[in-house]
Amino acid sequence: VALAGAAALSTLGGRTAATAAGEVMRLAAMAVMLLVVERLVADDPNRRGPLLGAAFASAVAPVVMTAVQLGTGHGMINVHGLLRPHGTFWHPNVLGVYCALMLTMAAGLLPHLETRHRGALGVLATGLGVGLVAGYARGAWLAALAGLVVVALLTDRRILAVLGVAVLVPIIAVPSVRDRITDLGDASPGASESSLTWRFEHWSEVLHLIGGNPVTGIGPGTARAALGKEVHNDYLRALAETGVVGLLAYLALLAALVLTARAALLATTDPRRAGPAPARSIERGVAVGFAGTVAVVAVFALADNVMTTVAVQWYLAAFAGIALATVRTDPAGGMRPIGGARRLGGTRPSGGAR
């Protein structure tokens, strides 16, 4: 809400009112999604399953469309000489970060699901993995790796070995993947400079825009309109378009996401055991998966665009709402899970609170 407010404030000095209004609505929609989902699950924890099911059902169309594009070669996008699928999204990078987000959440949930649900989600996760690799979005690869490492550390560190194999296999077996990683400092066939060099030069242009209004920014969406391309760094975008006020709000949002993930993890940890709560605890799966998705977004935002990607915003907000509903802050400042479960100290909440 603070970030949406900062974006609205920056429109007062913005140069493109219509574009700015649209960007404010994107952020406001994310806030509404988070608050509504949190309230739905807090009122009835049984809604958690259908909401998660709806979120993952959204991945069916992108996965199928990506498979069709890869299988037929039709609908691919030529990006600097490299043919890349984009699924149902406008750009392969958006497909990549969407797959990274959903794959990480799926990895957190899988160990905590019943067998029949685990099989279906496993198949979908495989398709998301294919879309992630085939999209050739290096930022999404790095973000997914960060998210999956978080999930592995919170679930079972032995999974890190499996994750290492999963990373090495496409690098060794698929030459185009290996070339995509090694050519970061080299110019692509259709480009005059490397992706890394282009980004540094582009970011320097964005920095020049900050002087227009360093406190409240030049207005949401204005940097893209002024430069003719996306900023490719959400931290820098927040500073340029919404000023110091907006950057602080954006950093506060990321901090709030981290604290929510930590609170959910604490609320789903059994204090009588050294490890996490029982393996069938869907709440634990949500907490672990959400912690991984926060890492995905924070890393991807370093070199690409999350703030303008509605699909990623909405599903991140939905997962955040579900995770937030898992915990409550009592007057003493302690966290407790919903559903009448035990406090971390081992006593039940007073007053029959859920």
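These questions and answers explain the terms used for a predicted model.

User: How do you know which features of this model to count?
Analyst: The model is predicted: local features need pLDDT of at least 70, side-chain atom pairs count only at pLDDT 80 or more, and totals for chains, interfaces and linings use all residues. Residues are numbered from 1 along each chain as its sequence is written, and side-chain values use heavy atoms, with hydrogens and water left out.

User: Why is the pair of Phe56 and Phe319 called tilted?
Analyst: Rings of Phe, Tyr and Trp (its six-membered ring) pair if their centres lie within 6.5 Å; planes under 30 degrees apart count as stacked, over 60 as edge-to-face and the rest as tilted. The centres of Phe56 and Phe319 are 6.2 Å apart and their planes stand at 35 degrees, so this pair is tilted. The structure holds five aromatic pairs.

User: What makes this pair a tie between parts of the chain?
Analyst: Phe56 lies in helix α3 (residues 48-57) and Phe319 in helix α14 (residues 310-325), so the pair ties together parts 263 residues apart in sequence. Helices (H or I, at least four residues) and strands (E, at least two) are DSSP runs, numbered from the N terminus.

User: Why is Phe56 called buried?
Analyst: Buried means under 20% relative accessible area, exposed over 50%, partly exposed in between (1.4 Å probe, protein chains only). Phe56 has 7%, so it is buried. Phe319, at 1%, also counts as buried.

User: What makes Tyr136 and Trp141 an aromatic pair?
Analyst: Their rings are 6.2 Å apart, centre to centre. The planes differ by 55 degrees, and the pair is tilted. Both Tyr136 and Trp141 are buried.

User: How do you know that Tyr136 is buried, and what is notable about its phi?
Analyst: Tyr136 has 11% relative accessibility, so it counts as buried. Tyr136 sits in the loop between α6 and α7. Phi of Tyr136 is near 55 degrees, a positive value in a residue other than glycine. Most residues other than glycine have a negative phi.

User: Why is Thr155 called partly exposed?
Analyst: Thr155 has a relative accessible area of 27%, so it falls in the range between buried and exposed. Thr155 belongs to helix α7 (residues 138-155). Thr155 and Gly285 are 130 residues apart in sequence, but 9.0 Å apart in space, C-alpha to C-alpha.

User: What makes a space a cavity, and how many of 30 Å³ or more are there?
Analyst: On a 1 Å grid over the protein atoms alone, a cavity is a set of points where a 1.4 Å probe fits but cannot get out; a pocket is an open set with protein on both sides within 12 Å along at least five of seven lines, and lining residues have an atom within 4 Å of a point. Grid points are joined across faces, edges and corners, and a volume is the space filled by probe spheres set on the points. The structure holds two cavities of 30 Å³ or more. The largest has a volume of about 120 Å³. It is lined by 14 residues; Met30, Tyr250, Leu253, Val306 and Leu316 are the closest to its centre. α12 gives the most to this lining, with five residues.

User: Which helix gives the largest share of the lining of the second largest pocket?
Analyst: That is α3, with six residues. About 480 Å³ of space lies in this pocket. Of its 18 lining residues, the closest to the centre are Gly49, Leu52, Gly53, Leu113 and His117.
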